[in-house]
Amino acid sequence: MGDWFQRIVDLDATEEDAGRLGAEIKRWLIERGVVVAEEDDCVLGAETGHRPGPHVDEVIEAPVTTEWTRLWTCGLDVETGRTVFDGGQGEPQAVSCPRCATRIRLVTDNWEPIDDAWEPFGAAITQWYETGAADITCPRCATPVPLREWQWADDYFAFGCLGFEFWNWPRLTDAFVSELAERLGGHRVVHIEGKL
C-alpha cells in the first residue's frame with residue numbers, strides 16, 4: 001500500500017537560517033493547533049514528529065474520513081540542512097531549462113531512464129549535495145544553469161535546506177501553502193507530493 005507524503009520545500013532558506021525558520025514555523029503550527037506539541041514516533045526518516053492537532057482541518061482539503069489520523073505515520077517532520085527532496089517512487093519524467101525552455105526527457109515511454117540525458121543531472125545532484133553548488137550546461141542554449149533553477153516535471157525534485165514533510169495527510173490547501181510561504185518571509189516554496 002505504501003505511505004504518501006507532501007513536502008513544502010523552502011527554496012530560499014540558507015543553511016544558516018533553516019534551523020531558526022523551521023523552529024518558528026513549527027511553533028506557529030503548534031500554536032494554531034495544526035499539530036500537537038508532543039513529539040512521538042509518527043514519521044518516516046526521523047525519530048519523532050508531530051501528530052495532527054485539533055485544527056488540522058483548517059489546512060487540508062476536506063477529507064472523506066478521519067481514519068488517516070489513526071495511522072502510525074501521520075505526522076509532520078521538519079527537515080533542516082542541505083537536502084535533495086524528491087517525489088518518492090518513480091523517476092522524474094523531464095526537466096526544462098529556465099533560460100531557453102528546452103525540455104529534456106529523462107525517461108522513455110516505458111519509464112526506463114535515458115542514461116545520456118540523466119547523467120549530467122545525476123552528477124550535479126551529487127555535487128550540489130556535497131558542496132551546495134552545481135551547474136548544468138543546457139544542451140540547446142549552451143548556458144550554464146545552477147541545478148536549483150532547472151524546472152522539474154511535476155516538481156519531482158527540490159533542492160533546499162528547509163522542508164516540511166506531512167505524512168499521509170489529505171492534500172494541503174493552496175491557501176495554507178501560500179500562508180506558510182508568507183510566514184517564511186515571502187520565500188519561494190515548492191509543494192511536492194509523492195509515495196514511498
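At 21% relative accessibility, Arg 32 counts as partly exposed, a class between buried (under 20% relative accessible area) and exposed (over 50%), found with a 1.4 Å probe on protein chains only. This is a predicted model: local features need pLDDT of at least 70, side-chain atom pairs count only at pLDDT 80 or more, and totals for chains, interfaces and linings use all residues. Residues are numbered from 1 along each chain as its sequence is written, and side-chain values use heavy atoms, with hydrogens and water left out.

**Exercise 1. Find the salt-bridge partner of Arg 32, and say which parts the pair ties together.**

Step 1. Take the rule: a side-chain nitrogen of Lys or Arg lies within 4 Å of a carboxyl oxygen of Asp or Glu.
Step 2. Arg 32 meets Glu 58, with the closest N and O atoms 3.8 Å apart.
Step 3. Arg 32 lies in helix α1 and Glu 58 in the loop between β3 (49-52) and β4, so the pair ties together parts 26 residues apart in sequence. Helices (H or I, at least four residues) and strands (E, at least two) are DSSP runs, numbered from the N terminus.
Step 4. Check the partner's surface: Glu 58 is partly exposed, at 43%.

**Exercise 2. Locate the salt bridge between Asp 17 and Arg 20.**

Step 1. The closest N and O atoms of Asp 17 and Arg 20 are 3.7 Å apart.
Step 2. Both residues sit in helix α1 (residues 15-32). They are 3 residues apart, about one turn of the helix.
Step 3. Asp 17 is partly exposed at 29%. Arg 20 is partly exposed at 44%.

**Exercise 3. Describe the salt bridge of Asp 86 and Arg 7, then its network.**

Step 1. The side chains of Asp 86 and Arg 7 meet at 3.8 Å, N to O.
Step 2. This pair links distant parts of the chain. Asp 86 is in strand β4 (residues 76-86), Arg 7 is in strand β1 (residues 4-10), and they are 79 residues apart.
Step 3. Asp 86 is partly exposed at 24%. Arg 7 is buried at 10%.
Step 4. Add Glu 165: Arg 7, Asp 86 and Glu 165 are linked in a network of salt bridges.
Step 5. Set this beside the total: the structure holds 14 salt bridges.

**Exercise 4. Which side chain of opposite charge is nearest to Asp 77?**

Step 1. Place the residue: Asp 77 lies in strand β4.
Step 2. Sort the charges: Lys and Arg count as positive, Asp and Glu as negative, while His and the chain ends are not counted.
Step 3. The nearest opposite charge is Lys 26, 7.4 Å away. Asp 77 is buried yet has no salt bridge.
Step 4. List its contacts (heavy atoms within 4.5 Å). Leaving aside neighbours within four places in sequence, Asp 77 touches Val 43, Ala 46, Thr 48, Gly 163, Phe 164 and Glu 165.

**Exercise 5. Give the strand order of the open sheet of 3 strands, and name its edges.**

Step 1. Two strands pair if DSSP finds at least two bridges between them.
Step 2. The order is β6-β5-β9, with antiparallel pairing.
Step 3. The edge strands are β6 (103-105) and β9 (151-152), since each pairs on one side only.
Step 4. Between β5 (residues 94-96) and β6 there are 3 bridges. In one of them, Ser 96 has Arg 103 of β6 as its bridge partner.

**Exercise 6. How many disulfides are there?**

Step 1. Look for cysteine sulfur atoms within 2.5 Å of each other.
Step 2. The count comes to 0 disulfides.
Step 3. For Cys 74, the nearest cysteine sulfur is that of Cys 42, 5.9 Å away. Cys 74 is buried at 0%.
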